[in-house]
Structure formats: C-alpha cells, structure tokens
Amino acid sequence: MTIAKLADNLFVSPQIAAAELDALKAQGIRAIINNRPDGEQADQPASADLEAEAKARGLAYRHIPVVSGKITDDQVAAFDAALKEMPQPVLAFCRSGTRSTSLWALAHADEIDTELLLKRCADAGYDLAGLQPRLADRRQAASAAAAPAKRAIAGYDVVVVGGGAAGIAVASSILRLRRGTTVAIVEPSEVHHYQAAFTLVGGGVFNDADTHVPQAKCIPPGAHWIRAAVAGFEPDHNRVILEDGERVAYRTLVVCPGLKLDWEAVAGLNETLGKNNVTSNYKPGLAPYTWSLIQGMRGGQALFTQPPMPIKCAGAPQKIMYLASDWWRSQGVLNDIHIQFNNAGGVLFGVKEFVPPLMRYVERYGIDLAFNSNLKAIDGPAKKAWFAVKGEGDKVETVEKSFDMIHVCPPQCAPDFIRNSPLAAESGWFEVDQETLRHPRYETVFGLGDATTTPNAKTAAAVRKQAPVAVRNVIAALDGKPEEAVYDGYGSCPLTVERGKVVLAEFGYGGKLMPTFPFDQTKPRWSMWVLKRHILPHMYFDVLFKGREWMAKPKVVRSAPKRVAIAAPTEAESRPARAAKRAAG
Ligand code: FAD
C-alpha cells in the first residue's frame with residue numbers, strides 16, 4: 001500500500017484492507033476516513049467491516065462516501081469537519097485516493113493559492129488539473145467575501161512581519177539609520193522569548209523569567225505595533241493581509257516570522273509534552289521542567305532526540321544532553337544512567353572541525369550515539385517511544401525504546417502562511433537570495449531569520465549579521481540607491497559541553513570557519529562560557545534590539561538602482577504610524 005502525505009494532518013491512499021490497519025497504526029495514523037461508497041467493486045471490503053476492525057485497534061473511523069466527479073459542497077464541508085474533529089494524523093482513502101485528495105483540495109481552495117494547491121497534490125501523486133476551475137472559483141469567492149470586511153488600508157515605508165529577534169533588530173536599525181521612515185511591526189504575541197537561553201534554563205544555570213519579556217518593551221520607539229498575525233500576501237499590490245482580512249500596504253516588506261515547531265508530526269507528543277517525563281526546551285516555558293527532570297534522575301534511560309535538518313539552533317538537542325550529563329556526573333549517578341542521542345541525521349555536528357571535541361565529551365559521559373534514528377511516536381504514560389531507524393540499504397524499521405526521561409527536539413518547517421503563499425520556494429521556506437536577502441521575484445520584499453531559504457545555521461547569531469544586510473538593502477530600495485549589502489552565511493552555535501565550558505562554533509556558508517577570536521575555537525573554554533552566559537544576553541537586548549551594529553557591519557557592493565513599485569503612503573495612509581510615533585514620544 002502506498003500512502004502519500006498531503007498535509008501535516010492528512011495522508012491519502014488507494015483502497016486499504018483490514019490486514020493493513022496494524023501497519024498504518026504503527027506508522028502513526030490515528031484515524032481513517034473512507035470516501036468510497038460501498039459496493040463499487042466486488043472485492044471491496046464493506047465500510048462497516050473496516051470500521052469494526054479499525055475501532056478494535058483504537059483507530060477513529062468515518063465513512064463519507066462520494067461519487068467520482070460529483071463531489072458536493074456539503075461533502076467537502078463534512079470532510080473538512082471530520083479532519084478537524086478526528087485524532088491526527090488521518091488517513092483518507094477511496095479507490096485510488098483521488099477523491100480524498102479532491103475533497104481536501106476543495107476544502108482548502110479558499111486559503112491556498114490554486115496553483116500551489118494543484119502542485120501540492122501533484123507532488124503527492126494526484127493530478128487534479130480537471131478540478132482547477134472549481135478550485136479557482138472557490139478561491140475567488142472567498143476573496144470577494146473577505147473584501148467587504150476589510151477596513152481602510154494603512155500604509156508604511158516598511159512593514160516588518162514578526163517581532164522576534166530579526167523583526168525587532170531590523171525595525172530598530174532602520175529607525176536609527178533613516179530618520180522619518182514609517183515602520184510597522186506586525187506581531188501577534190504579547191510576549192517575546194529570548195530563546196537562545198532556553199538551553200541554559202534547562203541546564204539550571206539561567207533564570208526562566210528572564211527569557212520571557214513583554215513584547216511592548218521590545219518594540220522600538222517610533223515603530224507602530226500592529227497586534228495581529230499576517231495571514232497572507234498580495235505582493236503584486238504591495239500589501240499584506242491580516243487574519244481579520246484587513247490589508248496593510250508597504251513600500252518595502254521585511255518577512256521574519258520564524259519557523260513552525262511541528263509537534264503534531266510526532267504522534268502522541270502534544271498530548272504528553274510537559275508531563276510523564278517528556279520535555280522539550282524548544283517549547284517556551286518548558287525548560288524549567290527539563291531541569292527538574294534532570295535533577296530527579298538517579299538511574300535508568302535518558303533519551304535525547306534530534307529531527308531531520310533544518311532546525312533552529314542545530315546544536316541545542318545535544319547541548320542540553322551535555323549539561324544534563326555533566327550534572328549527573330557531579331551527582332555521582334552518571335554510571336547508573338544510560339544516555340542515548342537519537343539523531344535523525346548521520347553525523348554528530350554538521351561542521352567537521354567541531355566533531356572531535358564533541359566526541360571527547362560523548363566518550364567522557366558514556367553517551368550512546370544512535371544515528372539515523374528519527375522519533376515518530378511517543379506514549380508518555382507507558383514511557384515508550386518509537387523511532388524510524390534507517391539501516392543497511394536505506395531499509396527503515398520501527399524500533400521501540402523505553403525511557404525514564406526524554407528530551408524532544410521537534411521536527412521544524414516553514415509556517416503555514418508562508419508555505420501556502422506565492423512568496424515561498426518549492427521547499428516551503430520564504431524565498432530570498434542568499435546574499436542580498438531580497439526576494440528573487442519581488443524587489444521590494446526581503447526576508448531573514450529562521451523562516452528563509454538561506455542555508456545558514458538558523459540562529460539569533462545569524463540574525464545579528466543578517467539584520468544589517470537587510471536594513472542596508474531596504475534603505476537602498478527606498479532611496480533608489482545603487483548599492484547592495486551582502487550576507488556571508490555567518491551563524492554561530494555556543495556548544496555548552498559542561499557547566500563552565502563552551503565550544504564556540506562560528507561558521508558561514510558551506511561550513512567555512514569564521515572565528516571571531518584569535519585562538520583555537522574548537523577548544524572548550526571558560527571565557528566562551530562567560531560570553532554565552534553573561535555577555536550574549538546583553539548583546540541581544542542592548543545591541544541587536546537597539547539597532548546597533550557592533551562587529552556586524554555588512555560588506556556593501558554596487559548594484560543597479562532599484563525601483564520601488566509603489567509611491568510613498570498618502571497622508572491618510574501614514575496617519576497610524578505618525579500617531580504611534582507621537583504616542584511613543
Ligand atoms: P523568532 O525569534 O522565533 O521570532 C518570530 C516572530 O514572528 C515571533 O515573535 C512570532 O510570534 C512572530 N510570528 C509568527 N507568526 C506570525 C504571523 N503569522 N504574523 C506575524 N508575526 C508572526 N540562537 C543562537 O544564536 N544561539 C543559541 O544558543 C540558540 N539556542 C537556541 C536554543 C533553543 C532551544 C531554541 C528554541 C532556539 C535557539 N536559538 C539560538 C535560535 C534563535 O532563538 C532563533 O534562531 C532566532 O530567534 C530566530 O529569529 P527570528 O526572528 O527568525 O524568529
């Protein structure tokens with residue numbers, strides 16, 4: 001049986017047999033939708049029989065039969081409702097899988113660009129070209145319905161999507177370098193997280209409260225904070241669409257909404273995260289639970305996981321493992337704990353120069369390395385986890401492991417509203433030129449931070465070097481200047497190998513070493529611990545967030561003058577920004 005992934009919560013396949021239900025469950029499927037009317041073919045299993053077999057295995061089941069070529073809107077709504085209500089991920093099937101795919105595509109036609117939708121289905125092996133007119137009609141109808149709701153369009157010189165590390169840095173810097181620029185930051189969250197210290201909190205050496213800061217304190221004076229989430233883009237009209245349908249116009253756009261932590265991709269994880277000894281420093285607020293589990297562990301099996309790349313701070317899944325091991329060593333219980341690093345990849349660290357020092361710590365702590373081992377499902381109360389383990393000849397088998405504690409790094413991908421937008425690359429990430437951080441098809445659009453296609457280490461350290469590049473190029477675009485700044489791929493990972501020692505890995509595109517200091521940075525050092533623990537938080541809040549470019553001046557090259565596609569916002573349009581500026585003093 002071949003099953004194809006259409007979305008995070010949905011797989012589709014041709015007709016399934018009862019004998020295949022156990023295998024589907026083992027792959028993480030939690031619910032079945034049958035879209036085939038009974039009796040289409042003589043050898044077809046009856047829906048009631050399949051339902052009984054599925055339920056006997058704890059799988060949810062629904063029968064939403066549709067006739068090929070005659071899918072009604074009610075059936076689309078029923079399918080969509082079932083997908084939302086049933087445990088996920090769901091497997092939907094019909095004779096070939098085409099009807100199930102069509103139902104899903106029609107249910108999402110209003111929110112996903114038609115071409116992208118057709119491509120997504122084609123990638124899964126289903127050609128829905130015949131459905132194109134109906135999909136396009138639904139998309140148009142949804143836009144028309146949303147139109148009356150939209151309020152007056154506000155306009156700004158610069159609109160920044162996301163007020164995280166990158167968004168705040170860019171907005172501050174633009175306001176500092178180009179006085180009078182109207183800047184809006186679109187950010188739904190009331191709290192900003194200083195994520196780079198989450199590992200230290202999990203290791204018991206940093207105060208969790210200091211990592212969560214009111215967003216209002218981060219928004220730079222002079223910027224207008226739009227407390228909303230962006231839902232889509234209209235790059236041909238230089239506008240972003242907010243969740244409530246309101247449009248915000250821009251002369252230049254900077255997109256930096258971070259990435260999506262895909263907790264749903266590991267079956268059972270969401271239900272157990274934060275209890276049953278299942279933790280993750282990647283979830284804001286959960287690092288103190290990691291620390292309490294580390295302290296409580298006196299013996300047994302401790303699992304640490306790393307999903308396929310790319311992820312943010314690729315060192316974080318192992319950094320917490322070293323800090324935990326060092327703590328257990330100091331408590332005299334290290335020999336009673338079996339520590340295993342389950343890494344979906346095949347190497348300990350992506351830049352080869354840093355592997356030997358890390359291997360010395362792996363050996364010192366007696367860590368068992370399990371490469372090509374990808375966490376797929378977890379049962380918290382039973383303290384069991386299942387891994388897809390790639391062996392000889394890429395043969396994959398499911399391996400069950402017990403744990404007394406587990407630290408999970410979740411799979412990561414581009415946010416849905418980026419993935420489903422015309423600004424996404426094939427991979428789903430926000431497409432930019434890796435040097436100029438400019439969108440290849442829209443010259444007034446820029447992107448940086450974790451959300452983009454740039455093949456650097458996704459870190460706040462990278463943001464520190466990207467922000468000045470994006471800022472220079474935004475200003476050049478606004479002013480029509482013939483110059484462009486370029487980014488060299490710099491990123492950094494302070495590897496906390498023990499309490500009081502850090503290996504500071506700094507590298508650019510292609511793994512090229514880019515050390516800041518004139519000594520061998522592959523050596524673990526106390527000075528680099530002091531940098532990570534005490535200096536970098538100040539660099540983040542007092543340098544990066546204030547728009548200062550200490551040790552981050554970009555290289556600038558000449559380029560053809562850039563045209564900016566729309567004129568400056570009108571009097572009426574720029575009023576919100578000026579009001580905000582006055583309020584901010
Ligand atoms: P974020 O800082 O994540 O900000 C994205 C912002 O966009 C958020 O405020 C979010 O609310 C907002 N947003 C989301 N959706 C929308 C929407 N639809 N509309 C508008 N706004 C939206 N980096 C280091 O340099 N060193 C480290 O040691 C380090 N360790 C880490 C350890 C852990 C456990 C984690 C989780 C991260 C670590 N990082 C580290 C990585 C670092 O935090 C990120 O790379 C950095 O925050 C990326 O910045 P960003 O602005 O792209 O994304």
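**Exercise 1. Find which polar backbone atoms and which polar side-chain atom lie close to oxygen atoms of the ligand in this predicted model.**

Step 1. Start with the backbone: a polar backbone atom of Ala-165 is 3.2 Å from an oxygen atom of the ligand. This pair is a polar contact, a term for N or O atoms within 3.5 Å of each other; within protein, one must be able to donate a hydrogen and the other to accept it, and residues adjacent in sequence count only if both atoms are side-chain atoms.

Step 2. Thr-459 also offers a polar backbone atom, 3.4 Å from an oxygen atom of the ligand.

Step 3. For the side chain, take Lys-532, with a polar atom 2.9 Å from an oxygen atom of the ligand.

Step 4. Widen the search to the surroundings: 35 residues surround the ligand (a heavy atom within 4 Å of it). The closest are Ala-166, Glu-187, Lys-319, Asp-450 and Ala-461.

Conventions. Residues are numbered from 1 along each chain as its sequence is written. The model is predicted, local features need pLDDT of at least 70, side-chain atom pairs count only at pLDDT 80 or more, totals for chains, interfaces and linings use all residues, and side-chain values use heavy atoms, with hydrogens and water left out.

**Exercise 2. Describe how H12 packs against H13.**

Step 1. Locate the helices: H12 covers residues 316–330 and H13 covers residues 355–365. Helices are DSSP runs of H or I with at least four residues, strands are E runs with at least two, and both are numbered from the N terminus.

Step 2. The two axes come within 10 Å and cross at roughly 40°. Axes are lines fitted to C-alpha atoms, for helices over the stretch in contact, and angles run from 0 to 180 degrees between N-to-C directions.

Step 3. H12 and H13 are therefore oblique to each other. The classes are roughly parallel under 35 degrees, roughly antiparallel over 145, roughly perpendicular from 65 to 115, and oblique for the rest.

Step 4. The crossing of H12 past H13 is left-handed; that is, the near helix is turned anticlockwise from the far one by less than a right angle, whereas clockwise gives right-handed.

Step 5. Gln-318, Tyr-322, Ser-325, Asp-326 and Arg-329 of H12 make the contact with Leu-358, Tyr-361, Val-362 and Tyr-365 of H13, where contact means heavy atoms within 4.5 Å.

Step 6. These residues divide into five nonpolar, two polar and two charged. Nonpolar covers Ala, Val, Leu, Ile, Met, Phe, Trp, Tyr, Cys and Pro, charged covers Asp, Glu, Lys and Arg, and the others, Gly among them, are polar.

**Exercise 3. Repeat the analysis for H11 with H12.**

Step 1. H11 (residues 287–296) packs on H12 at about 35°, with axes 9 Å apart.

Step 2. H11 passes H12 in a right-handed crossing.

Step 3. From H11 come Thr-290, Trp-291, Ile-294 and Gln-295; from H12 come Ile-320, Ala-324, Trp-327 and Trp-328.

Step 4. The class count is six nonpolar, two polar and no charged residues.

**Exercise 4. Identify the backbone features in the loop between E16 and H12.**

Step 1. This loop follows strand E16 (300–306) and holds Pro-310.

Step 2. The peptide bond from Met-309 to Pro-310 is cis, with omega near 0°.

Step 3. Cys-313 is found in this loop too. Its phi is near 45°, a positive value in a residue other than glycine.
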